[in-house]
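Subject: Structure handover

Hello,

Here is the structure I promised to pass on. Please open it alongside this message. My notes follow below.

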Amino acid sequence: MEMTKTLIQENNDKREQLTEDNKKVYEDFLVYLRTDLRIDEHQGEEILMEILNHLLEAQADGVPADEIFGNDPKSFADELIAELPSEKKRGRTGFIAGQFLRIAAFLLIVQGVMTFILPYFTAVDTSVGVGNMILLGILITVIVLAAIRVVFRLLRQSLFKDNPKKAERMAMLKAAVYGMIGFGTIMAAALFVPDFGPVINMEWWTYVAAGLVLYGLSKWINKKAHPEKEVSEQA
Amino acid sequence: MSRTQLLKGILDACIMTVIREQPVYGYELALKLQDAGLPEITQGTIYPVLLRLQKKGYITSEQRESPAGPKRKYYFLTSEGEIELENIADEWENIVIPVNKLLGKGDVNNGDD
């Protein structure tokens with residue numbers, strides 16, 4: 001079985017052989033499939049490659065893309081998605097747990113660096129409410145996951161449109177509004193929620209060390225959740 | 001009802017029949033269906049069907065070098081697929097013969113055949 005990464009690379013190379021018009025339809029189709037989080041990634045890439053091959057051959061025979069996608073490419077894509085096997089639960093749980101750990105690690109490292117640097121400039125209280133730290137970690141994870149969903153949904157709504165520029169602008173505008181709401185929520189929680197839970201006061205390197213441990217853990221979980229493939233950063 | 005809609009129900013059997021004759025890859029399959037006189041199906045519609053047939057175990061696929069060109073995914077009929085195809089063919093006959101009779105006759109109520 002070919003690796004998912006190899007398939008994505010091959011797809012990137014081959015796509016360049018498409019004509020301008022065919023490429024536009026195919027890339028909308030590709031983004032629509034890749035941003036559907038229910039689909040098993042490898043299976044999705046396999047069918048994308050198969051249809052790309054089909055399209056290239058049809059192109060060589062002078063057959064236009066709508067012979068393949070029909071006059072409603074979106075419902076064709078939906079029909080295909082309905083038949084594709086969905087991502088394993090393990091993969092999804094692993095993804096969420098990994099995100100949470102990575103964010104917690106980031107917070108701890110920032111806390112450590114601040115605890116180290118700030119006292120040089122100003123007299124600060126470096127004690128931390130454990131409750132607040134956990135609350136913030138959970139809140140950011142939820143918002144980051146929600147943001148991924150929202151961005152993907154906005155992206156999907158802008159596909160298969162006759163006027164892609166306009167659809168894109170609308171999507172950007174909506175993304176900005178949602179972004180501000182999310183960021184505002186996090187800031188409000190950080191500033192206005194009073195300290196609760198045990199209050200600790202530790203050396204700066206303790207935070208950094210704890211952060212690094214959590215980061216390593218998140219890497220490990222990612223590997224476990226996706227055994228035979230690296231997690232690709234490509235959208 | 002359009003011809004396309006009528007076709008959809010029986011497309012599974014058409015595709016399995018083509019694959020039984022000889023293992024094919026996607027584009028080849030689409031051309032063979034068109035050559036068989038079904039030019040109205042959009043070529044892409046074969047892919048959801050192929051996925052469904054694979055899930056049910058009626059066909060399998062394998063990457064192979066094609067005579068001319070790159071590696072392609074070829075589809076094969078399994079023994080379960082052979083049996084299913086026989087079943088569909090029987091069912092089809094059970095429908096087609098009476099329907100032909102019915103439609104050919106026009107007014108059903110007056111017939112005493």
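First, a definition for what comes next: two residues are in contact if their C-beta atoms, placed from the backbone, lie within 7 Å. Please also keep in mind that this is a predicted model.

**Domains of chain A**

Chain A splits into domain 1 (4-83) and domain 2 (89-225). Their C-alpha centres are 34 Å apart. How many residues of domain 1 of chain A are in contact with domain 2 of chain A? The count is 7 residues of domain 1, against 5 residues of domain 2. On the domain 1 side, helix 2 and helix 5 of chain A each give two or more residues. Helix 2 of chain A has the largest share, 3 residues. By class, that side has 4 nonpolar, 1 polar and 2 charged residues.

**Chain A against chain B**

The contact between the chains draws 16 residues from chain A and 11 residues from chain B. On the chain A side, the elements giving two or more residues are helix 3 (41-60), helix 4 (66-69) and helix 5 (73-83). Helix 3 of chain A supplies the largest share, 7 residues. The chain A side is made up of 8 nonpolar, 3 polar and 5 charged residues.

**The cores**

The largest nonpolar core has 35 residues. Which residues have the most contacts inside it? They are Ile15(B), Ile19(B), Leu29(B), Ile46(B), Tyr47(B) and Leu50(B). Both chains feed this core. From chain A, helix 2 (20-34), helix 3, helix 4 and helix 5 each supply at least two residues. From chain B, helix 1 (3-21), helix 2 (26-35), helix 3 (46-55) and strand 3 (71-77) each do so too. Helix 3 of chain B gives the largest share, 6 residues. Apart from this core lies another, of 11 residues. Among them are Ala104(A), Ile140(A), Tyr207(A) and Leu214(A).

Two residues of the largest core deserve a look. Take Tyr47(B) to begin with. Leaving out residues up to four places away in sequence, Tyr47(B) touches Ile47(A), Ile51(A), Leu80(A) and Gly26(B).

Then go to Ile46(B), which sits in helix 3 of chain B. Is Ile46(B) buried or exposed? Ile46(B) is buried, because 23 other C-beta atoms lie within 10 Å and the cut-off is 20 or more. Beyond its neighbours within four places in sequence, Ile46(B) is in contact with Ile15(B), Gly26(B), Leu29(B) and Ala30(B). For scale along the chain, Ile46(B) and Gly57(B) are 11 residues apart in sequence and 16 Å apart in space, C-alpha to C-alpha.

**The sheet in chain B**

Chain B has an open sheet of 3 strands, in the order 1-3-2, with antiparallel pairing. Strand 1 (24-25) and strand 2 (59-65) are the edge strands, and each pairs on one side only. Strand 1 and strand 3 of chain B run antiparallel and are joined by 2 bridges. Val24(B) has Tyr75(B), in strand 3 of chain B, as its bridge partner.

**Annotated spans in chain A**

An unreviewed UniProt entry carries the annotation "transmembrane region" for residues 100-121, 133-152, 173-192 and 204-221 of chain A. I checked two of these spans in the model. Residues 133-152 of chain A are 100% helix and 0% strand, with end C-alpha atoms 29 Å apart. Residues 173-192 of chain A are also 100% helix and 0% strand, and their end C-alpha atoms lie 28 Å apart.

**Two more residues in chain A**

Phe160(A) is in the loop between helix 7 (130-157) and helix 8 (164-192) of chain A. Its phi is near 55 degrees, a positive value in a residue other than glycine. Phe160(A) counts as buried, because it has 21 C-beta neighbours inside 10 Å.

Val199(A) is in strand 2 (residues 199-200) of chain A. Val199(A) has 13 C-beta neighbours inside 10 Å, so it counts as partly exposed. Setting aside neighbours within four places in sequence, its contacts are Ser127(A), Val128(A) and Gly129(A). Val199(A) and Gly131(A) are 68 residues apart in sequence and 8.3 Å apart in space, C-alpha to C-alpha.

Best wishes

Conventions. Residues numbered from 1 in each chain as written. Chains lettered and ligands numbered in written order. Predicted model: local features only at pLDDT ≥ 70, side-chain atom pairs only at ≥ 80, totals over all residues. Helix = DSSP H or I, 4+ residues; strand = E, 2+ residues; numbered from the N terminus. Nonpolar A, V, L, I, M, F, W, Y, C, P; charged D, E, K, R; others polar. Core = buried A, V, L, I, M, F, W, Y, C linked by C-beta atoms within 7 Å. Buried ≥ 20, exposed ≤ 12 C-beta atoms within 10 Å, placed from the backbone. Pairing = 2+ DSSP bridges. Domains from an automatic or database assignment. UniProt positions renumbered as here; feature names shortened; annotations may be inferred.
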